[in-house]
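This report considers a protein chain first through one small region and then through its overall form. The reader is invited to examine the structure below before continuing.

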Amino acid sequence: MKFTLSWLREHLDTTASVDEIAESLTDLGLEVEEVVNPADRLADFTIGKVLRAEKHPDADRLTVCHVATDQGEKQIICGAPNARTGITVVIAHAGTYIPGIDTTIQVGKIRGVESHGMMCSEREMELSDEHDGIIELASGEVGDKFTDWLATNDPSKVDPVIEIAITPNRPDALGVEGIARDLAARGLGSKIDRPIQPVKGAFQSPIKVSIDNDTLDGAPYFTGRLIKGVKNGPSPDWLQHRLRAIGLRPISTLVDITNFFTFDRNHPLHVFDADIVKGDLRVHRAEGGEEIMALDDKTYAFEEGMMVISDANGPESIAGVMGGAHSGVTEGTVNVFLESAYWDPITIAHTGRKLKVNSDAKYRFERGVDPQFTLPGLEAATAMILELCGGEASDVVTAGSVPDTTRAYRLDAARCSSLVGMDIPETTQRATLEALGFTLEGDMATPPSWRPDVTGEADLVEEVARIASLTNLEPKPMARAVPGVPKPILTPLQKREQVARRTAAALGYNECVTYSFIDEATALLFGGQADARVANPISSEMTHMRPALLPGLLQAAARNQARGVTDLALFEVGAAFHGGEPDEQHLLVSGLLIGRTGPKDVHGNSRAVDVFDAKADAEAVLSAIGAPARAQIFRDTGAWWHPGRSGRIGLGPKKTIAVFGEIHPRILRRMDVKGPAVGFTIWPAEVPLPRKATASRGALRISDLQAVERDFAFVLDADVEALNVVNAAAGADKALIDEVRVFDEFIGGSLGEGKKSIAITVRLQPTEKTLTDDDIETVGRAIVEKVTKATGGVLRG
């Protein structure tokens, strides 16, 4: 929404500056997007007077002028035909930027004679297209600012233009009068009320109007009148300047008047050439298939149910959106039918979107104009047409009735403090609402007809706070619910979710946020349930709630691979669903690795990711969220995992806390992912909470006694898992054994067919006394006994 300062002052008696107005508008919720002040680019131009003018010694068309300026007498070379002694001119000194020619002038020689500035034309200063000669001023003193002269003698040339952003809930601010009302309520001046006097009709209108019964919900009220004997030509300068300033092209007086009321009072109008209209006008629903050539010279086909204004020959206007070219006014128009109507916002919005047409009228009607101004708007426009175009007006013809928008809400002065946190006296609140046009009877406030956005008591508080300015709101700390240290806000599961997310990111994974919906085929691949189907899916690829996070990660990986990204580390933390009921969901943490561990280098450090990378990362996340250090790994995993390269981490056969492994090649083919791919999934809720919850970490336990490491190698059957060896060795003496790790594996050779050797290092950490050789030997025998019993292996000689 654009308007000029002078236009605003037609509705607001104020002495506020442009900056003050702009600051107040933004504070009122009408955000100022731009202020264009023509005076800014003309600030360096001053007034001078030509003392004498002489012919250039070496050029017939140039004149050497000696000019009195604010910097003393200057010699300026000028090529304008009207450069002569005694005229008052506009001066640009050396170093001044000339906007019309996009040049900063400097002192220079022209045909051997120095020139110390420039005498300007209107086009060079972007005041008009006039460039036949330099500006001659009828008044002005040497040294005065040219902008001051313009402000006094031709203010439209330096009229600032303000552009504001309008939110959908403030249609009243799409008119300059509505903006002035807000500023007046803020205290930046007083609103100027201009009563509208009805224009008495001199004859009956030969054109009548009717609204079909099935259209009254979309077109509740229509007014119009015939004005005969008008003279349509260029509009007066003041109107053309006003429209050009806000970016509109003046067309003719009749059209410019309708555009003026669109922006002045937020009330679009339309004029028909009455000599072209055949018979009466009828507002009705389209049957579908009718066509109209609109004023934008485009042909539009109506769909069934759209509103049309037709005469005896067919459609003449897209109701509330755009008029038809056939009955549009021209310079030869003598008789016009002026339309002022109220249209249902929803109907207009649907029509505009379906026809893909935008217009200032549609933009306003779809947001809601003032229904009570329908007839006064017609009277005001009639008066302006008679003033500018002459003619004689008929009686007003109407159809339908003004919609009743009356509603009232209780004004509770105390709610302003509870809802906004501002203590505003009740008298101030009532005065604010009355300034905005509300009617108050007792404690009931009735919104004005131009404010469709006010729909409740809270809106009354919002209006009061908006005018009072939320910048006056003093920040106050919230009172504590209970004294002392407040309890943690996050639940243990939420803390685990946070820690898991940070840990995965620290391991080098990139977080993904994927849809909770996937297609049925993919859901079934990952163990989805049939009853987890969405009742109203947004597409055929989003019909089921996801049973796991891996499908979304694999889809993201496929998209990245299609774009040449082959090394991927992705993770997601979110809910998965094991049924269709609200409580049938669970939190998961899933990660996916594809490609290599890093870019190739000369040291050969880069390698393909494998199942042990996924296992290590899963264990790191589990450790971060507080999972027990000792857990069992089982072979039974889902069908989407590789059966020989995956494992289930559990705290017993039935207590699963994580799964890791390589994704089954069949799944990768179905998901169009180039493998191999490894990943993990963690169930944070299944990790048991610590028995003693404290706000701080426990004491760090460090032994001051020397640790001892001993190596053992066992010959085992080839199908025995190394983890069994590690767990058996660790259980030999849980108090003394600090760590067990595998450092070597040997298969075949002298061991024979079906045998292998696993070598482990056992770290013994005493806490009470230094270990003796006998102590070490005792633990060593216990380790061998435990491993032999658990795996059937023997100590390798």
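## A pair of strands

In this predicted model, strand S27 and strand S29, the latter spanning residues 444–446, run antiparallel and are joined by two bridges. Within this pairing, Arg-410 lies opposite Met-444 of S29.

## The sheet around the pair

Which strands make up the sheet, and in what order? Three strands form an open, antiparallel sheet, ordered S27-S29-S28. The edges are occupied by strand S27 (409–410) and strand S28 (439–441). Each of these has a single partner strand, so one side of each has no neighbour in the sheet.

## The whole chain

The protein contains 20 helices and 42 strands in total. Its radius of gyration is 42 Å, whereas the globule rule gives 28 Å for 797 residues; the protein is therefore more spread out than a compact globule. Along the principal axes, the C-alpha atoms fill a box of roughly 120 × 80 × 60 Å.

Contacts offer a further view of the fold. Among those between residues at least 6 apart in sequence, 68% join residues at least 24 apart.

## Surface and charge

How much of the protein counts as buried? Of its 797 residues, the buried share is 47%. The protein exposes about 40,800 Å², and 49% of this area is supplied by carbon and sulfur atoms.

The protein carries 84 positive and 114 negative charges. The mean positions of the two groups are 7 Å apart.

Note on methods
Residues are numbered from 1 along each chain as its sequence is written. This is a predicted model: local features need pLDDT of at least 70, side-chain atom pairs count only at pLDDT 80 or more; totals for chains, interfaces and linings use all residues. Side-chain values use heavy atoms; hydrogens and water are left out. Helices (H or I, at least four residues) and strands (E, at least two) are DSSP runs, numbered from the N terminus. The radius of gyration is taken over C-alpha atoms; the globule rule is 2.2 Å times the number of residues to the power 0.38. Buried means under 20% relative accessible area, exposed over 50%, partly exposed in between (1.4 Å probe, protein chains only). Contact means heavy atoms within 4.5 Å. Accessible areas come from the Shrake-Rupley method with a 1.4 Å probe; for residues, only the protein chains shown count as cover. Lys and Arg count as positive and Asp and Glu as negative; His and the chain ends are not counted. The place of a charge is taken as NZ of Lys, CZ of Arg, CG of Asp or CD of Glu. Two strands pair if DSSP finds at least two bridges between them.
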